[in-house]
Amino acid sequence: MLHLILFSVFGLVCVAGAINLLVQSHPINSALSLIVVMGSLAVEYLLLGAEFVAAVQVIVYAGAIMVLFVFVIMLLNAGEEERTKGSRVSLLIGIPGMIIGSVLMAWVLITHSGTHAVEAGALPGAPGEIAQLLFHEFLLPFEVTSILVLIAIMGAVVLAARPEPLQPEGKS
Amino acid sequence: MVPLSYYLVLSGILFACGVTGFLIKRNIITIFMSIELMLNGVNLSFVAFAAQWHQLSGQVFVFFVMVVAAAEATVGLAIIIAVFRTRETLNVDQVNLLKL
């Protein structure tokens, strides 16, 4: 019961943050509401018994990645977003279509999925067992992601570096 | 005890919010944050299925998604800085050099 209450409270906080991200027109407000979404998702992970994923979610997502976002927003001095009008047809067709589709999908998932309830802490999500899996079964993907991160760092440095002014011929 | 479907519905709502933000927002940074929101929705369904079937592989996949998201964030924000430096704007409607 407590599990369900915690799930509902943090699920509502999560959805409210996601909707606030859409409604706000200033990017810094959107970034802060995205942090709220990520923090409440960490609580959902804890409820599922994935403690290590919850910790990494807070450290990497809500910490590192969002600091990067906020830093870039401050650096570029991003102001209010100008609204542009979308097409009228997409509003007329899209919104009812989206509501019908989502209600149908939620109804099918809730009534016909036939899955058992997920128990609190059902999974042995201890860091040791995850490390066992990560460094044995998934060793190759793990190494490939390290190369990916290295390439991403180099790409970021190359892309964000100020382009050097062209040296005139024969001067240097 | 929370049914698995509740987690899936929550993850679907997050993903739908991300798609909506991607389509309706005009600020390039906010569009980028909507992509992160979509990735978070997917992560939630990964962890929920991992708990459902007692498979830790789902959680390991969440780590890979996070690493890819981090790499994407660094490169994407560098691209945003480069775009801002050349075009002096963050509005995607004004970044239309490739448009016919």
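Among contacts in chain B between residues at least 6 apart in sequence, what percentage join residues at least 24 apart? The figure is 48%. Keep in mind that this is a predicted model.

**Chain B as a whole**

Chain B has three helices and one strand, and if you walk along its sequence you meet them in the order β-α-α-α. Its radius of gyration is 17 Å, whereas a compact globule of 100 residues would come out near 13 Å. Here are the overall numbers for the chain:

| Property of chain B | Value |
|---|---|
| Radius of gyration | 17 Å |
| Box filled by the C-alpha atoms, along the principal axes | roughly 50 × 25 × 20 Å |
| Residues that count as buried | 49% of 100 residues |

**Where a helix of chain A meets a helix of chain B**

Two packed helices are described by the angle between their axes and the distance between the axes. For helix H4 of chain A (residues 88-112) and helix H1 of chain B (residues 4-24), the axes come within 9 Å and cross at roughly 160 degrees. Angles over 145 degrees count as roughly antiparallel, so H4(A) is roughly antiparallel to H1(B). As for handedness, the crossing of H4(A) and H1(B) is right-handed.

Which residues do the meeting? On the H4(A) side you'll find Ser102(A), Met105(A), Ala106(A), Leu109(A) and Ile110(A). Facing them from H1(B) are Ser5(B), Leu8(B), Val9(B), Gly12(B) and Ala16(B). Sorted by character, the residues of this contact between H4(A) and H1(B) come to seven nonpolar and three polar, with no charged ones.

How values were computed: Residues are numbered from 1 along each chain as its sequence is written. Chains are lettered from A and ligands numbered from 1 in the order in which they are written. This is a predicted model: local features need pLDDT of at least 70, side-chain atom pairs count only at pLDDT 80 or more; totals for chains, interfaces and linings use all residues. Axes are lines fitted to C-alpha atoms, for helices over the stretch in contact, and angles run from 0 to 180 degrees between N-to-C directions. Helices (H or I, at least four residues) and strands (E, at least two) are DSSP runs, numbered from the N terminus. Angles under 35 degrees count as roughly parallel, over 145 as roughly antiparallel, 65 to 115 as roughly perpendicular and the rest as oblique. A crossing is left-handed if the near helix is turned anticlockwise from the far one by less than a right angle, and right-handed if clockwise. Two residues are in contact if their C-beta atoms, placed from the backbone, lie within 7 Å. Ala, Val, Leu, Ile, Met, Phe, Trp, Tyr, Cys and Pro count as nonpolar, Asp, Glu, Lys and Arg as charged, and the others, Gly among them, as polar. The radius of gyration is taken over C-alpha atoms; the globule rule is 2.2 Å times the number of residues to the power 0.38. A residue is buried if 20 or more other C-beta atoms lie within 10 Å of its own, exposed if 12 or fewer, and partly exposed in between; C-beta atoms are placed from the backbone.
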